[in-house]
Amino acid sequence: MKSRKTTLMLIPVILILGIIFPGTAVLGQTKTENVIIITLDGFRWKEVFQGANRKLLKVPGNKRKRNRKNITFWDESPIKRRQLLMPFLWTEVANHGVLYGNRDYGCKVNVANRYWFSYPGYNEMLTGNPSKNINSNSLGPNPNVSVLETIHSIPAFRNKVAVFSSWDRFNDIVNEKRSGIYVNSAFSEIPEKQASPIQQSIESVYGLLPKVIGNVRYDGLTFMQGFEYLKHQRPKVLMIALDETDEFGHKGEYLQYLKSANRADKLIQELWTWVQTDSLYRNKTTLIITTDHGRGTGRGWRNHGQFIFHSNETWIAMIGAGIIKQGEVKEKCKYHNAQIAPTIAALLEIDFKHNNPLYTCISNCTNNTLQLADAAIPANETNTRKRTMRKK
Ligand SMILES: [Zn+2]
C-alpha cells in the first residue's frame, strides 16, 4: 500500500507529466466488451496524415497541366488529400476517436523493436514485448505469449478470439497451436461446418484469381472472410491483418499502394457501420487501426528495415467504447506499438503480464513509463544490429 506521503509527492509529478504529455488520456468511461484490430502492413504515417505524396504520385509541377488532369487522390491541400485517401479515418475516427502519429505536430509513434519489419512488428504489437530474439519472418511459432493468447485463456473468451490475415505467417505469430486461437491466414480454408455460404463462395474464387502479389491473399478477400466470421461466429476479439500496402510498396507501385489503403478504409467503414447497428457490438466495441512498421522516405519509400531511415515510424488510430474522443493529436506525444497489447488488455480489463513492463497501456497510467521507453534497447545493442531474413 502506498503511504499518504508518497501519494502526495506523486500528485505534482502526475500534473507535470500531464503537461509534458498532453493528449494521453485514452481510456474513457464507456466500457468495452469487444475489440477489433485492423492492420495495414507497412503503411506510412505520411500518407495517413498528409495524403498522397506529390513526387511519388508524379503530379506535374506545372499548375495548368496539373489542373487539366484529374489525378487520383491528389489535391493541393494536404487536409483534402488525406480525406480523399482515407475518408473514414478523417471523418468518423477524427470526429469520434483519436489519431496518434502526426510528426508534423511532434506526435511520434514508433516501433520499439530494432528490426522494422513484420514479424517483429506484429510480435511487438501483440505481445507488448519488442523482443530482440524475434528477428526473422521465418521464425516459426512465437515463443512469446500475445495478449490475444492471454485473453483466449480466459473461459469467457474461449473460442471468441480470431485472426484473419492476408499473409501466411500469422499462424506462427500468434502461435496458433499453443494458444488455440482460430487463425485464417492467406489461402487457408474455413472448416466446412463453420463456413457460411458467403465464406464458401469467397473460398471458391481463391484459385480463380491471378497471384500478382505472391502467396498473399487479396485484402478484400481476407477482409470479407473476417467480416463474415464476425457476423456469424460473434468473436469478442477479432484481428484482420491486411498486407497489400506492403506488397505494392516493395514493388514501387505507389498508386496501387494508395488504392489498397483507400479500399481498406472503405471496408473498415462498412464493418464499423455494421458494428454500430448490431445489438451485440453497438457501443460495446473498440476499433484499433494501425501498422506493423513504417517505410523509408524519398526513393527509400519502397523499403523498410533497420537500415532504412524512418521505417520505425508508425501511427495508431482508435475509436469506440473506452476511447475518449480527441481527434487528431496535435501536440507532442511519444508512443510505441508495444503499448497496443497492454491497451487491449486494459480496455477489456484483462490482467496481462508481459515480459517488458516498460510498455503499458496508452493512457494516463503510462505517463511515468513513456519516458523510459527509448531506454528499452541498450545503446550497445543497437550498434550490433545484424541483417536478418528477407523483409516483409
Ligand atoms: Zn515489407
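This passage walks through a predicted model of the protein, from its overall make-up to a few helices and loops.

The protein holds 17 helices and eleven strands. Of its 392 residues, 50% count as buried. Long-range contacts are well represented: among contacts between residues at least 6 apart in sequence, 70% join residues at least 24 apart. The mean pLDDT is 86, and 85% of the residues reach 70 or more.

Two stretches call for a word of caution. Over residues 1–25, pLDDT stays under 50, and the model has 20 contacts beyond four places in sequence for this stretch. Residues 364–391 likewise stay under 50, here with 42 contacts beyond four places in sequence. Where pLDDT is low, the predicted coordinates should not be read in detail.

Helix 14 is a good place to begin a closer look. This helix covers residues 254–275, and its 22 residues should span 32 Å at 1.5 Å a residue; the C-alpha atoms at its ends are 31 Å apart, so the two values agree. Its buried residues are Tyr254, Tyr257, Leu258, Ser260, Ala261, Ala264, Asp265, Leu267, Ile268, Leu271, Trp272 and Val275. A general point helps in reading such a list: an α-helix has 3.6 residues a turn, so residues three or four places apart point the same way.

Two other helices pack against helix 14. The axis of helix 12 (residues 219–233) comes within 10 Å of the axis of helix 14, and the two cross at roughly 15 degrees. Angles under 35 degrees count as roughly parallel, so helix 12 is roughly parallel to helix 14. Helix 12 passes helix 14 in a right-handed crossing. On the helix 12 side, the contact is made by Asp219, Gly220, Phe223 and Phe227, while helix 14 contributes Ser260, Arg263, Ala264, Leu267 and Leu271.

The second partner is helix 13 (residues 244–251), whose axis comes within 8 Å of that of helix 14, with a crossing angle of roughly 175 degrees. This angle makes helix 13 roughly antiparallel to helix 14. Here Glu244, Thr245, Phe248 and Gly249 of helix 13 meet Gln256, Tyr257, Ser260 and Ala261 of helix 14. Ser260 of helix 14 thus appears in the contact with helix 12 and also in the contact with helix 13, and Ser260 is one of the buried residues of helix 14.

Beyond helix 14, the loop leading to strand 7 (285–290) contains Asn283. The phi of Asn283 is near 60 degrees, a positive value in a residue other than glycine. With 13 other C-beta atoms within 10 Å, Asn283 is partly exposed. Ala186 offers a second case: this residue lies in the loop between strand 5 (182–185) and helix 11 (197–205), and its phi is positive as well, near 45 degrees. Ala186 counts as partly exposed because it has 19 C-beta neighbours inside 10 Å, where 20 or more would make a residue buried. For context, most residues other than glycine have a negative phi.

Helix 15 (340–347) is mostly covered, with eight of its eight residues buried. These residues are Ile340, Ala341, Pro342, Thr343, Ile344, Ala345, Ala346 and Leu347. Their cover includes strand 1 (34–40), helix 7 (118–127), helix 8, strand 7 and strand 9 (316–320). Helix 15 is followed by Glu349, which has a positive phi near 55 degrees.

Ile350 is found in the loop between helix 15 and helix 16 (367–370). It counts as partly exposed, with 17 C-beta neighbours inside 10 Å. Although Ile350 and Val147 are 203 residues apart in sequence, their C-alpha atoms are 9.0 Å apart in space. Leaving aside neighbours within four places in sequence, Ile350 is in contact with Thr150, Ile151, Ile154 and Ala345.

One of those partners, Ile151, belongs to helix 8 (residues 147–152). Ile151 counts as buried, having 23 C-beta neighbours inside 10 Å. Apart from residues up to four places away in sequence, Ile151 touches Phe157, Val161, Val237, Leu348 and Ile350. Among these, Val161 is ten residues from Ile151 in sequence, with 7.8 Å between their C-alpha atoms. The contact between Ile151 and Ile350 thus pairs a residue of helix 8 with one in the loop that follows helix 15.

Conventions
Residues numbered from 1 in each chain as written. Predicted model: local features only at pLDDT ≥ 70, side-chain atom pairs only at ≥ 80, totals over all residues. Helix = DSSP H or I, 4+ residues; strand = E, 2+ residues; numbered from the N terminus. Buried ≥ 20, exposed ≤ 12 C-beta atoms within 10 Å, placed from the backbone. Contact = placed C-beta atoms within 7 Å. pLDDT = per-residue confidence, 0-100. Expected span 1.5 Å × (residues − 1). Axes fitted to C-alpha atoms, helices over the stretch in contact; angles between N-to-C directions. Parallel < 35°, antiparallel > 145°, perpendicular 65-115°, else oblique. Left-handed = near helix turned anticlockwise from the far one by under 90°.
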